[in-house]
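Grab a pencil and work through these exercises with the model open. Each task is followed by a worked solution.

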Amino acid sequence: VTVVPAAPVLTDPPEATFQFDAQGPARFAIETTAGLEYRVVYKNEQTSADEWLPITPPLPDGWTNGSGEPILISDPESITEPQRFYRIEARTSTGEE
């Protein structure tokens with residue numbers, strides 16, 4: 001008999017804090033759940049039909065493993081943009097969003 005633990009479930013959106021000042025990049029601290037992956041994606045225009053783009057690093061696609069501890073993500077390109085819209089995404093480690 002092989003026992004496979006149940007995949008973690010995200011029942012509520014992750015708690016996050018956002019920090020921004022005119023001299024530095026936008027920064028996020030995201031509370032995580034072990035077994036889930038997280039990333040921050042952005043658009044420069046909220047109503048744009050363009051897809052949401054991941055903040056990288058981490059490469060190649062911005063996903064970071066959750067451990068139950070907060071993760072910190074910075075957007076160095078935010079310094080050069082007059083505005084930017086963000087969304088936090090979470091998925092199981094198997095890639096299901």
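**Exercise 1.** Work out the strand order of the open sheet of three strands, and find its edges.

*Solution.* Keep in mind that this is a predicted model. Start with the order: the open sheet runs β1-β2-β6, with antiparallel pairing. Next, the edges: β1 (16–19) and β6 (71–75) each pair on one side only. From one strand to the next, the twist averages 15 degrees. Now zoom in on β1 and β2 (residues 26–30), an antiparallel pair held over four bridges. To check the register, look for Thr17, which sits opposite Ala29 in β2.

**Exercise 2.** Which strands does β3 pair with?

*Solution.* Take the partners one by one. Strand β7 (residues 85–92) runs antiparallel to β3 and is joined to it by eight bridges; here Tyr42 faces Tyr86. Strand β5 (residues 64–65) is also antiparallel, with two bridges, and Tyr38 stands opposite Thr64. Then there's β4 (residues 53–54), again antiparallel over two bridges, where Val41 lies opposite Pro54.

**Exercise 3.** Is β3 enclosed or open, and what does β3 give to the largest nonpolar core?

*Solution.* Count burial before anything else: eight of the eight residues of β3 are buried, so β3 is largely enclosed by the rest of the structure. Split them by face: Leu36, Tyr38, Val40 and Tyr42 lie on one side, Glu37, Arg39, Val41 and Lys43 on the other. Side chains in a regular strand alternate between the two faces of the sheet. Now turn to the core, which has 11 residues, including Leu36, Tyr38, Val40 and Tyr42. With four residues, β3 gives the most. Finally, try Phe28, another core member: its contacts include Val40, Ile55, Ile71 and Ile73.

Notes:
Residues numbered from 1 in each chain as written. Predicted model: local features only at pLDDT ≥ 70, side-chain atom pairs only at ≥ 80, totals over all residues. Heavy atoms only, no water. Pairing = 2+ DSSP bridges. Axes fitted to C-alpha atoms, helices over the stretch in contact; angles between N-to-C directions. Core = buried A, V, L, I, M, F, W, Y, C linked by side-chain atoms within 4.5 Å. Buried < 20%, exposed > 50% of the residue type's maximum accessible area, 1.4 Å probe, protein only. Contact = heavy atoms within 4.5 Å. Lists of a residue's contacts leave out its neighbours within four places in sequence.
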